[in-house]
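Student: Please take a close look at a single part of this structure, of your own choosing. I should like one connected account that starts from a local detail and places it in the chain as a whole.

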Amino acid sequence: MKKRILSLVMVLVMIMSFMPMIVQASTSGQCGDNVYWEFDGNETVTIRGTGDMYNRDRFTLHSWYSDVYTVNIEEGVTNIGNYFFNRCLELYNVIIANTVTSIGSDAFNDCVILRNISLPSNLTRIEQATFASCENLESIFIPQNVTYIGMEAFAYCQSLNNVFIPKNIITIEKRAFVSCYGLTDVYYEGTEEEWNNLSIGDENDFLTNATIHYNSDGSTVAPSPLPSPSPDISLPTVERTVTADFSGGTGITYDEKYGNYSTNDFLLTSIA
């Protein structure tokens, strides 16, 4: 009997600890030592200031992560932190100023409806999994100063059908374009001989088997103007349920839109 009471108490404590896990609903804040963000309360986040943005692990999640449709990073910002916009599931447009020279790993990973993004001209590297699982991305223009494309940088971008690659590229890591099933055309700035001398890692068959257009200026895949802002759409209410089964000594299951976690013998096994 004492054991069952103890089990019940442990589950209730865990339930209560999960309830306050609500992202902050601020409309402005800091996201770098000298970088600040502002949410217009509808669908646009503007990031301004000077210097680097924080990595995601130094930044408190805010309510706009689930709502943001457009991100505008202004002149003066120099870096987008690792994982910063990871799983912004409503993000469609991204505007990045040319002062940005680096974008961290996984920065836009799993932004599943991202369609429009213009990479800054001063960008030099595309890191690991930066745009992985951007399933709605159809084309990408890689700026001339980029020399390196990291592992799984565009992995699982299933709608990606054309890409411009500058001749300054030296290395394309393994799996950079893995599972890009729709990739049909690669527009390469250099010659066929220069293409053949590139260091292209394994599991990039969708890239190497595409039609390669040599000596291209990239005009075919030049970024198009951003569309008008999306209409005001009421987002579905996030529902959460917590259930507990005391009969077997196991405790809590939590399900929420875009993520869930569960426990086994009162030990938290996953969280999203």
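Tutor: Ile73 stands opposite Ile96 in strand E7, and this pair is a convenient entry to the sheet around it. The model is a predicted one, in which local features need pLDDT of at least 70 and side-chain atom pairs count only at pLDDT 80 or more, whereas totals for chains, interfaces and linings use all residues. Residues are numbered from 1 along each chain as its sequence is written, and side-chain values use heavy atoms, with hydrogens and water left out. Strands (E, at least two residues) and helices (H or I, at least four) are DSSP runs numbered from the N terminus.

Ile73 is also the bridge partner, in E5, of Ile47. One residue of E5 thus has a partner on either side: Ile47 and Ile96 in E7. Thr70 repeats the arrangement, as the partner in E5 of Thr44 and with Asn93 as its own partner in E7. Two strands are taken to pair if DSSP finds at least two bridges between them. By that criterion E3 and E5 run parallel and are joined by 4 bridges, and E5 and E7 are likewise parallel, with 4 bridges.

On the other side of E3 the direction changes. E2 and E3 run antiparallel, with 5 bridges between them, and Glu38 stands opposite Thr46 in E3. These two strands form a hairpin with 4 residues between them, where Gly41 takes a positive phi near 85°.

The pairings belong to an open sheet of 6 strands in the order E1-E2-E3-E5-E7-E9, and the pairing is mixed. Strand E1 (28–32) and strand E9 (116–118) are the edges; each has a single partner strand, so one side of each lacks a neighbour in the sheet. Direction ignored, neighbouring strands of the sheet are turned by 15° against each other on average, with axes being lines fitted to C-alpha atoms, for helices over the stretch in contact, and angles running from 0 to 180 degrees between N-to-C directions.

At the E9 edge, Ser118 is partly exposed, with a relative accessible area of 29%; buried means under 20%, exposed over 50%, and partly exposed in between (1.4 Å probe, protein chains only). Ser118 lies 8.8 Å from Ile142, C-alpha to C-alpha, with their positions 24 residues apart in sequence.

The same strands can be followed into the interior. The largest nonpolar core, a set of buried Ala, Val, Leu, Ile, Met, Phe, Trp, Tyr and Cys residues joined through side-chain atoms within 4.5 Å, has 57 residues; those with the most contacts inside it are Ile47, Ile80, Phe85, Phe108 and Phe154. Elements giving two or more residues to this core include E2 (35–39), E3 (44–49), E5 (70–73) and E7 (93–96). E2 supplies the largest share, 3 residues. In soluble globular proteins, nonpolar side chains tend to be buried together.

Phe154 shows what such contacts involve. With contact meaning heavy atoms within 4.5 Å, and leaving aside neighbours within four places in sequence, Phe154 is in contact with residues including Phe131, Ile142, Leu160, Phe177 and Cys180. Cys180 is itself buried, at 0% relative accessibility. The closest cysteine sulfur to that of Cys180 is in Cys157, 5.2 Å away, which is too far for a bond. Cys88 is also buried, at 0%, and its sulfur is 5.3 Å from that of Cys111, again too far. The structure holds 0 disulfides, a disulfide being a pair of cysteine sulfur atoms within 2.5 Å.

A polar residue, Asn86, sits in the loop between E6 and E7. Asn86 counts as buried at 13% relative accessibility, and touches Arg56, Tyr65, Asp106, Ala107 and Asn109, not counting residues up to four places away.

Finally, the whole chain. Its secondary structure comes to 3 helices and 21 strands, and 42% of its 272 residues count as buried. Among contacts with a separation of 6 or more, 42% join residues 24 or more positions apart. The chain exposes about 13,700 Å², of which carbon and sulfur atoms supply 49%; accessible areas come from the Shrake-Rupley method with a 1.4 Å probe, and for residues only the protein chains shown count as cover.
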